[in-house]
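Open the model in your viewer and keep the sequence panel visible. The stops below each begin with a selection.

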Amino acid sequence: MVPYAFVAPALFVFCAFALIPIALGLCAAAFRIDPVLRVCEYVGARNFATIASDPPFHIALRNNLLWILLSIGVQIPLALLLAAALIDQSRFCRALRTVFFSPLVIPGVAIGIMFSIVLDGQFGALNAALSWVEGHQVTVGWTADRRWALFCLIAVACWQYTGYHMMVLLAGMQGIPTELYEAAEIDGAGWWQRLGGITLPLLRRVMLADVLLVAIGSVKVFDIVQVMTQGGPNNATEVLATYMYSQAFMSERMGSGAAVAVVMLIITLGFAVIHSRLARLEAGAP
Amino acid sequence: MPITRYLWLACALAGCLVAATDCGRPRAPSAVVTPSTAAPGATVVRFGSVWVNEPRKSTLEKVAAEFRARHPEIDLRVEYTQPDDYKPAIRTAVAAGNAPDVFFVWPGEWLRKFARGHQVLDLTGELAKDGWGDQFIPNAMPLFEYRGGTWGVPMLMQCAYFLYNNEMFVKRGLAPPKTWDELLRVCEVFKREGMAPIGLSNVNKWPLHHYVSILWQRIVGEDRVLDDYDTETEGSFSDPGYVEGLRMVRLLADKGYFSENANGTSREMFRQLFATERVPMIMTGTWDLGVLQNSDEVPEGFGDKWDMFALPEVPGGKGNQAYMMGAPDGYAVWADTKSKDAALTWLRFLTSTEVAQRLVSGLQELVCVKGAVNEQTAGDKLRRYAADLEAAPGVTPWADIMLESSVREAYLDALSGMLDGTVSPEDVLATLRDAHAKARAETRTES
């Protein structure tokens with residue numbers, strides 16, 4: 001019993017704050033729930049059918065997919081380059097690492113407010129800078145124009161999280177024996193050759209885990225979108241989490257909101273399974 | 001110690017970044033309960049309020065302190081929640097059987113749902129006692145009435161007006177428009193000069209629908225519109241005036257009469273457009289009167305530069321063209337309260353003429369109690385608004401408080417699409433009809 005006693009506190013916390021809420025969420029997705037009307041009616045899979053036939057849900061799914069792809073495509077290469085460039089233990093590099101990491105400590109809501117002001121079509125700093133460069137008044141509605149809005153939000157998320165992924169990759173890089181770099185240097189390998197020939201192959205497993213973190217984080221994204229566009233204009237920047245919030249709290253469809261949460265859980269678990277398979281293949285497991 | 005120095009540097013940098021995002025400014029926390037000073041054994045009354053910002057909060061605190069002094073047998077505890085967090089918070093509290101005894105409500109469908117769920121008390125009998133119900137201004141009461149009962153009492157009345165920059169109008173020899181066609185002519189004058197005539201903020205999705213709501217009332221008629229909003233009736237938005245109203249709003253967007261990027265413009269930036277004289281007109285609720293009259297947000301003396309005019313008429317429309325558009329907010333008593341008498345004592349005190357006058361003085365907002373707005377308590381514009389309201393034959397509510405929540409969300413999303421030209425007026429109406437039909441089917445299942 002002693003081993004169980006050791007894990008009991010952690011198990012209790014896990015059950016109370018993760019397992020049981022997930023189980024309740026799964027149950028809620030099969031009910032029509034309205035606490036004000038005191039209604040709790042079993043509806044089977046109807047909530048899933050409702051969201052599946054709702055066009056904003058399709059937009060949210062597509063936007064999340066785009067968010068994942070662009071986040072991986074932008075954050076991982078940028079983080080890798082930053083980590084490779086700032087691996088040095090000099091004061092300058094350490095200071096820059098702190099600077100790049102610092103957006104992570106700012107709450108997403110604050111970042112959303114800050115970039116709403118920067119990207120404002122009338123008074124925003126970005127348009128003011130572009131107006132100065134162009135020599136005439138620029139009034140692009142970065143978050144109002146459906147052509148730009150989602151890309152602006154993804155760019156803000158990349159600004160916030162690239163520093164974090166830089167730190168993850170940096171930790172991985174520090175585990176690579178320095179002798180390999182010294183030998184390559186003696187053989188005349190340049191910076192890019194060392195990056196491509198030593199760092200990347202030996203960092204593969206860390207990068208795989210990091211890609212998974214980016215993907216899962218992109219599925220859960222909520223605060224920046226909610227603060228900056230509320231999923232608008234006309235659902236153009238809707239993502240699964242804002243759609244879930246909108247269903248549960250704005251449209252007062254708690255069951256449908258829970259159904260969206262289940263979809264998010266399935267997607268996230270899917271990524272975890274893919275990661276675990278790839279990791280096993282990497283380790284040479286049968 | 002370099003590490004310590006870098007730690008300080010990181011903290012300073014983080015502090016700067018946080019300060020740059022305005023997080024350093026003290027804000028009202030999401031939910032706060034004022035400490036109790038009552039004697040042991042006193043009856044506890046929990047009061048759920050959304051008055052988290054100044055001057056509302058300090059004014060309410062003074063009134064609450066006076067109530068506690070007069071009624072030591074009642075332990076009044078004010079619980080503040082941010083307005084944006086309030087709807088989910090109060091629903092959760094009600095579901096958990098832990099709602100405040102008296103809580104803030106928006107009338108219309110939101111309050112009706114609480115009534116249908118037997119979550120709030122019918123105050124009809126109480127309002128009949130001692131003439132309590134007679135002291136409220138008549139235009140404020142109808143939205144609290146439903147299925148033969150009165151489910152709350154009104155507090156602050158908000159209505160929509162066009163605000164205009166008087167100097168900019170006078171310079172061009174323009175007078176405030178009285179009809180929709182006159183409004184279009186005024187807009188054209190400014191547009192020809194390359195200026196957007198009307199400032200609009202629609203990031204929250206609801207501001208644009210105020211234009212549609214008033215046009216529907218003017219064209220279709222107030223009774224028909226209310227009937228169509230209601231999911232318990234056979235209303236189906238079939239009047240051709242609905243699509244006509246939507247087309248009239250679409251025309252404002254197509255002609256460039258609204259400020260650019262309205263779907264991404266926040267309320268603060270919207271006020272700045274008007275305060276910095278980039279636009280000559282805005283349509284807004286009376287909640288903005290105080291901010292634009294005298295606050296840190298506007299340049300000194302700006303309050304004297306602007307005036308307001310009533311929402312334009314649409315000649316030939318089926319509605320009463322003298323109607324105003326707006327709604328009061330108010331308070332309801334939780335059905336499961338264990339302190340009903342004490343809760344009602346507090347509510348009567350809060351809505352007494354004496355306290356209402358003090359609230360008007362402190363807030364410069366229209367409290368829905370007769371005699372609260374007078375020369376001693378209110379400024380010119382507030383007095384004019386009160387006189388307009390008294391003279392108005394009725395007040396049509398904005399659609400978003402009358403529509404069932406899922407209908408409202410679908411409709412407002414479609415409207416923001418109409419603003420950027422991706423959804424046609426006909427499709428907005430089709431979306432509304434479709435969502436409304438689904439909600440009506442659900443309402444029938446409920447009953």
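**Stop 1: a low-confidence stretch**

Select residues 16-30 of chain B, where pLDDT (the predictor's confidence in each residue, from 0 to 100) stays under 50. For this stretch the model has 22 contacts beyond four places in sequence, two residues being in contact if their C-beta atoms, placed from the backbone, lie within 7 Å. Where pLDDT is low, the predicted coordinates should not be read in detail. Now colour the whole of chain B by pLDDT: the average is 88, and 91% of the residues score at least 70.

This is a predicted model, in which local features need pLDDT of at least 70 and side-chain atom pairs count only at pLDDT 80 or more, while totals for chains, interfaces and linings use all residues. Residues are numbered from 1 along each chain as its sequence is written, and chains are lettered from A and ligands numbered from 1 in the order in which they are written.

**Stop 2: where chain A touches chain B**

Show both chains; the model scores ipTM 0.81 and pTM 0.85. Their contact takes 37 residues from chain A and 45 residues from chain B. On the side of chain A, select α4 (91-101), α5 (108-118) and α12, the elements that give two or more residues; helices are DSSP runs (H or I, at least four residues), numbered from the N terminus. The largest share, five residues, comes from α5(A).

**Stop 3: a helix pair**

Select residues 240-250 (α12) and 254-282 (α13) of chain A: these helices pack at an angle of about 160°, with their axes 7 Å apart. Axes are lines fitted to C-alpha atoms over the stretch in contact, and angles run from 0 to 180 degrees between N-to-C directions. The pair is therefore roughly antiparallel, the term for angles over 145 degrees.

Conventions: Angles under 35 degrees count as roughly parallel, over 145 as roughly antiparallel, 65 to 115 as roughly perpendicular and the rest as oblique.
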